[in-house]
Amino acid sequence: MRPVVLFARGRELPRAVLCGAVVALVAVALAGRALEVPDIRYLTDYSVPIAAVVPVAHAVVLGTALFSPMAVLEEGAARLLRWYESLHVLLLTAVGLVWTAVPLLAGLPGHVFASSVRNVVGFLGLAMISARLFGSGLAWLLPLVTVGPTLLLGVGPDNTPEFWAWPIQPGGNLGATLVAAGLWVFGLALVVCVGPRRSERDEAL
Amino acid sequence: MGQVDVGGVLAGGDAVAVVEGATVRYRTVVALDRVSLGFPAGVTALLGPNGAGKSTLLSLLSTARTPNEGSVTLLGQQAGGRARVRRLRERIGVLPQSFGYHPRFTVEEFVTYAAWLRNVPAGDRARRVADALALVDMTAYRDRRMRELSGGMLRRVGIAQAVVNQPELVLLDEPTVGLDPAQRVGFRELIERLGERSAVVLSTHLAEDVAHVCDRVSVLLAGRVRFTGTVGELCALVGDGKVDGGGVEAGYLHLAGGTDGAEPGEAGR
Amino acid sequence: MIRVLWSEMRRGEAGRVAPLMALIGALYLLLEDRAESDWIGWWADTSIVVQLFGVIVMGSVLAATACWTASRGQRDRTRPWTDTAARGGWSQALLLWASVWLWTLLAYVLHVVIAFGRTAGVSDEFAPVWEPLLLGAAMLALQIAVGVVVGTLLPSRLMAPAVGAFWYALFVAAAFAPGSGIGRFAPAVDEHWAGSLVPDTALMLTSATWCLAATGAVLAVPALARRPVVSPRRWGVIPVAVVALGAAAALVALPEKATPWAAAALQPDDPPCATTGRTTACLWPANRHLLPRLERAVADVDAALGPLEGFNRRLNEQWLDPGRVAGESGEFAVMTPDVGVRRLSRDLLAAAMPRPPEGCEREGSKAAGGLPDDFLLVAVVHHRAEAPYDYYGEEFAAAVEKVVTAPRAEQDAWIGKAVESVRGCRPLPGLPR
């Protein structure tokens, strides 16, 4: 058990969990609030519950736990690490879901929780994809690049979300759910099957 | 003297590791060109300038990569197939030229993690970690955090993680770089002790290390083997064959043509 | 120096992130529907949109990238080497900042080219507005500088996304608190100017000066705060800091306005106008490209109103001063630069409706289903013009039907009296029998 704990510690999972707790507390405080989409389009008037946006922060924090400073040693391991990488991703996702559920205690409506769950899964998938494409230090890149344009440009002139703006779709939207799930699956496949970029091999935290 | 003939492949039970006709290419660069070498028990040096292919050869021996052409046989088995590679890795120890570590891991935690990566059985793990730390004189620092260690201590911990699985083949990539003379002497003694129980392949460009520690040496230049034999045979290429750093250096420089990487016979150009 | 800068640009992460942001921005600008766009065709609003995307979306991400790049020394364990270099910390930070900012500017310029190209395809004139773009570039400089500073002083994996999130959150906070002053010091201009407003050049240049000077001053902070590093010379930092403080003081002192970053455009001597019969409508010069459509819309409205008296026959785009004109005038707004004839006709017709005098509150009437009775007049006139109007229930619809099914002469008479009633703040006349 201890080496598995070292595996998780080596990826700074405890730090990610703690930071996620702070984000969850903020989400609890803002549980009933809506984030007005800024008027970059001037004509729109659309609000997105905070709890649907906070998952981005969870995903970005959890994405920092995709980096291992011992990649060089792990590359030459006799042990099949893919299973552990997969479990690690599942654990990250579970942590994200738990932190996403915390605002329920503060009366978060169920439909908002549904969109939060979808978003934490989807943004974590983006973080994994970003980590493998750009390096784990840039795991935040695709989630932030997605959420910015989505919030600011993702509402059409008819005051409904654009088809591509999956994070701000209502909680039961099937297409958005499939996109989020697909991103997560793709991200998991990349993490498990593709090793970290060579430039990360000797990095410190 | 002209170019030394390389025969160099040891057959049968002498060799712990054998590389036959190995070629490795990185895009358009040929890092290793039809290299054939055998590594018996004892300490074998890979000597050569930067970019000669030493680290690439070590990566073949550690199963970190496979050659584009040729074959690698380790501990009597062809190094191919995922399951076989994983089993071979349980019997190989590697000290990379540089390795990352979690700064807040203690020395013991780091070596324990390495033992786990090498599939050391759980029941034996604590004892093997203790033995590895004792071998490198780091027992007193087992609870020290990695970020608090000096360069020499880090190298010793690196060797500890390389031998924690009691490997039959130990690969050391530039193990004495950055150490002061006293630390280097201590390392040589450590490597000699390793050589008594495992086959050790030592990649270095320090002639003194070769002279004091190694039984055999292979000289790599521009991805090709220029010499393989005993250290004494290398020293005998030039001069009286006295085995010391100067002799190794002279022999190497003779092979290299007086400049790094130059073809033999090109001295003075 | 150029070679070193180029080397830094090649190895930094901004070389990968900026093209991604360039692509996203380009897609956003290219895929915008021209017919529904609120900027394609208006040079000022075009600049605002490019600036806004650059600052809010691109700037936040590139600031995070700069933070990550700046923490490289910690990750690669080269900090002891860079800290003890002869070249001081300030110039090292400036080099790193410049490498990220230049990549960002390349993406920014691409967006400018695309956006200007789309607007040139609609507008009759080539009159790019530069002030918002300059301000945006200056703000990008400040955002990236903050990223560099945070990455240098707090080199943790968590800080890079935190920097990006900080900028997003700051812009959202500024939008929620327009009078707080955040907007002047972290400018992200989000206003709709159409043709009637022009940039407040003095304010924008002052804010840009603040951004650039603050950039220089902020980048000196790590060199001042970290002991091993060679500190910058005072004669270098102090002037920059003084300029920053001066610009900040000016920003505080400048008065607040309803449209913070704009000033009223000068009234044109000869605005583009269209006249048919008794009806005339005029536009701001920036909407000159709409004149052909305006002519058709004016013809529609004139035909709909016919000989009816009392309506506003001189119609001006919002804030366009009609000057001394005979007859009543009304105002209409052009909401999108590529507005269609139908929408123009509707807006002109609405502007032609008589308005009650100031202070007059019209009460709900039974005939209008409880609504103010001037709604009834609007609905009747729109019905006659075959233009859409709002439905307010069966009772209201019945009242409209009663008027429009009466003989024409009766309708005209009723409408004439209704107009007088509205202007005189009196109840509408009874419906025709």
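Helices and strands are named here as DSSP runs, a helix having at least four residues and a strand at least two, numbered from the N terminus. The model shown in these views is predicted.

**View 1. Membrane annotations on chain A, as given in a record.** UniProt, in an unreviewed entry, places the feature "transmembrane region" at residues 47-67, 87-106, 112-131 and 176-195 of chain A. Over residues 87-106 of chain A the chain is 75% helix and 0% strand, and the C-alpha atoms at the two ends of this stretch are 30 Å apart. Over residues 176-195 of chain A, helix accounts for 90% and strand for 0%, with the end C-alpha atoms 29 Å apart.

**View 2. The contact between chain A and chain C.** Of the 2 pairs of chains in contact, chains A and C share the most contacts, and this contact brings 27 residues of chain A together with 31 residues of chain C. On the side of chain A that touches chain C, α3 (50-63) and α7 (141-153) of chain A each supply at least two residues, and the largest share, 7 residues, comes from α7(A). Sorted by class, this side of chain A holds 22 nonpolar, 3 polar and 2 charged residues.

**View 3. The contact between chain B and chain A.** Here 21 residues from chain B meet 21 residues from chain A. The side of chain B that touches chain A draws at least two residues from each of α2 (82-89) and α3 (107-117) of chain B, and α3(B) gives the most, with 6 residues. By class, this side of chain B has 10 nonpolar, 6 polar and 5 charged residues. Chain B and chain C, by contrast, do not touch, and their nearest C-alpha atoms are 10 Å apart.

**View 4. Two separate nonpolar cores.** The largest nonpolar core has 185 residues, and those with the most contacts inside it are A:Ala127, C:Leu62, C:Trp97, C:Ile144 and C:Leu348. Helix α3 (residues 43-70) of chain C gives the most to this core, with 19 residues. A:Ala127 touches several residues that are over four places away in sequence, among them A:Ala59, A:Val60, A:Trp140 and A:Pro143. A second, separate core of 89 residues includes B:Ala22, B:Ala31, B:Phe187 and B:Phe227.

**View 5. An open antiparallel sheet in chain B.** In chain B, 4 strands form an open sheet in the order β2-β1-β4-β5, with antiparallel pairing. Because β2 (29-40) and β5 (77-78) of chain B stand at the edges, each with a single partner strand, one side of each is left without a neighbour in the sheet. Strand β1 (residues 15-26) of chain B pairs with strand β4 (residues 69-74) of chain B over 5 bridges, and B:Val18 stands opposite B:Thr73 in β4(B). Helix α1 (residues 54-61) of chain B packs on this sheet, where it touches β1, β2 and β4 of chain B, and its direction makes about 120° with that of β1(B).

**View 6. The surroundings of B:Asp215.** B:Asp215 is found in the loop between α7 (207-213) and β9 (216-221) of chain B. Because 16 other C-beta atoms lie within 10 Å, B:Asp215 is partly exposed. Leaving aside residues up to four places away in sequence, B:Asp215 touches B:Gly42, B:Val43, B:Thr44, B:Thr230 and B:Val231. The C-alpha atoms of B:Asp215 and B:Gly229, 14 residues apart along the chain, are separated by 8.7 Å.

Notes
Residues are numbered from 1 along each chain as its sequence is written. Chains are lettered from A and ligands numbered from 1 in the order in which they are written. This is a predicted model: local features need pLDDT of at least 70, side-chain atom pairs count only at pLDDT 80 or more; totals for chains, interfaces and linings use all residues. Two strands pair if DSSP finds at least two bridges between them. Two residues are in contact if their C-beta atoms, placed from the backbone, lie within 7 Å. Axes are lines fitted to C-alpha atoms, for helices over the stretch in contact, and angles run from 0 to 180 degrees between N-to-C directions. Ala, Val, Leu, Ile, Met, Phe, Trp, Tyr, Cys and Pro count as nonpolar, Asp, Glu, Lys and Arg as charged, and the others, Gly among them, as polar. A residue is buried if 20 or more other C-beta atoms lie within 10 Å of its own, exposed if 12 or fewer, and partly exposed in between; C-beta atoms are placed from the backbone. A nonpolar core is a set of buried Ala, Val, Leu, Ile, Met, Phe, Trp, Tyr and Cys residues joined through C-beta atoms within 7 Å. UniProt positions are given in the numbering used here, feature names are shortened, and annotations may be inferred rather than shown by experiment.
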